[in-house]
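Reader: I would like to learn how to read the features of a model such as this one, taking them one at a time. Could we begin with the overall layout and then turn to single elements and residues?

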Amino acid sequence: MLVGDGMTKLVLTIGPAHTLREAARLMSARRVGAAVVTDPEHPGVGILTERDILDSIGAGQDPDTELAAAHRTSDVVFASPDWTLERAAAVLVKAGFRHLVVLDGSDVTGLLSMRDIVRCWSEADDRATAPA
């Protein structure tokens, strides 16, 4: 199975000036663990994850004043939709991440999480063991 088959295609995108509380509200409403952060003044994208928000709050920072720009990961690891899920899983484990931004050319086309990979493998296993 390929990344393009398992990725989430509806990507939550926020700007660098979103507060962490705003980002958390949007992530919670969409039931996602990460948001892509785009900044029209800087090339490339970043990613803000649940962990980034938790780390900030755990450090005593105010989620109403802390901005996504200060907490996003800007050294993002990208995947291609034509990668295998095995390759993506290996990259996630090696890098210590739980999300990969999926690019097709220079366009963000999806996000792939560890949960997506497990879901795909579980569904494939269910199909393989289902009675005919």
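Author: What follows goes from the chain as a whole to its sheet, two of its helices and three single residues.

Author: This is a predicted model, in which local features need pLDDT of at least 70 and side-chain atom pairs count only at pLDDT 80 or more, while totals for chains, interfaces and linings use all residues. Residues are numbered from 1 along each chain as its sequence is written, and side-chain values use heavy atoms, with hydrogens and water left out.

Reader: How many helices and strands does the chain have, and in what order do the elements run?

Author: Helices (H or I, at least four residues) and strands (E, at least two) are taken as DSSP runs and numbered from the N terminus. By that reading the chain has six helices and six strands, and from the N terminus on its elements run α-β-α-β-β-α-α-β-α-β-β-α. Along the principal axes, the C-alpha atoms fill a box of roughly 55 × 30 × 25 Å.

Reader: What share of the residues counts as buried, and what share of the contacts joins residues 24 or more positions apart?

Author: A residue is buried under 20% relative accessible area, exposed over 50% and partly exposed in between, with a 1.4 Å probe and protein chains only; here 38% of the 132 residues count as buried. A contact means heavy atoms within 4.5 Å, and among contacts with a separation of 6 or more, 56% are between residues 24 or more positions apart.

Reader: In what order do the strands of the open sheet stand?

Author: Two strands pair if DSSP finds at least two bridges between them. Three strands form the open sheet in the order S4-S5-S6, with mixed pairing. S4 and S6 stand at the edges, each with a single partner strand, so one side of each has no neighbour in the sheet. Strand S4 (residues 78–79) pairs with S5 in the parallel sense over two bridges, and Ala79 stands opposite Val102 in S5. Strand S5 (residues 99–104) runs antiparallel to strand S6 (residues 107–113), the two being joined by six bridges; His99 is opposite Ser113, and Asp104 is opposite Asp107. S5 and S6 form a hairpin with two residues between them, and Gly105 in the turn has a positive phi of about 70 degrees.

Reader: Why is S5 described as largely enclosed?

Author: Five of the six residues of S5 are buried, so the rest of the structure largely encloses this strand.

Reader: Where do the buried residues of a helix lie around its axis, taking H2 and H5 as examples?

Author: One can look down the axis and take the arc of the directions from the helix axis to the C-beta atoms. In helix H2 (residues 20–30) the buried residues are Leu20, Ala23 and Met27. These cover an arc of only 60 degrees, which puts them on the same side of H2. They pack against strand S1 (13–14), S2, S3, H3 and helix H4 (68–71), whereas the face turned away from the buried side carries the exposed residues Arg25 and Ala29. In helix H5 (residues 85–95), Leu85, Ala88, Ala89 and Leu92 are buried. Seen down the axis of H5, they fall within an arc of 100 degrees, so they line one face of the helix.

Reader: What backbone angle is found just after each of these helices?

Author: H5 is followed by Gly96, whose phi is positive, near 75 degrees. Just after H2 comes Arg31, with a phi near 60 degrees, a positive value in a residue other than glycine. Arg31 lies in the loop between H2 and S2, and counts as exposed at 73% relative accessibility.

Reader: Which residues are in contact with Ser56, and is Ser56 buried or exposed?

Author: Ser56, in helix H3 (residues 50–58), is buried, with a relative accessible area of 3%. Leaving aside neighbours within four places in sequence, Ser56 is in contact with Leu20, Gln61, Glu66 and His71.

Reader: What is the nearest side chain of opposite charge to Asp39?

Author: Lys and Arg count as positive and Asp and Glu as negative, while His and the chain ends are not counted; a salt bridge needs a side-chain nitrogen of Lys or Arg within 4 Å of a carboxyl oxygen of Asp or Glu. Asp39, in the loop between strand S2 (34–38) and strand S3 (45–49), is buried yet has no salt bridge, the nearest side chain of opposite charge being Arg72, 4.2 Å away. Leaving aside neighbours within four places in sequence, Asp39 is in contact with Pro16 and Arg72.
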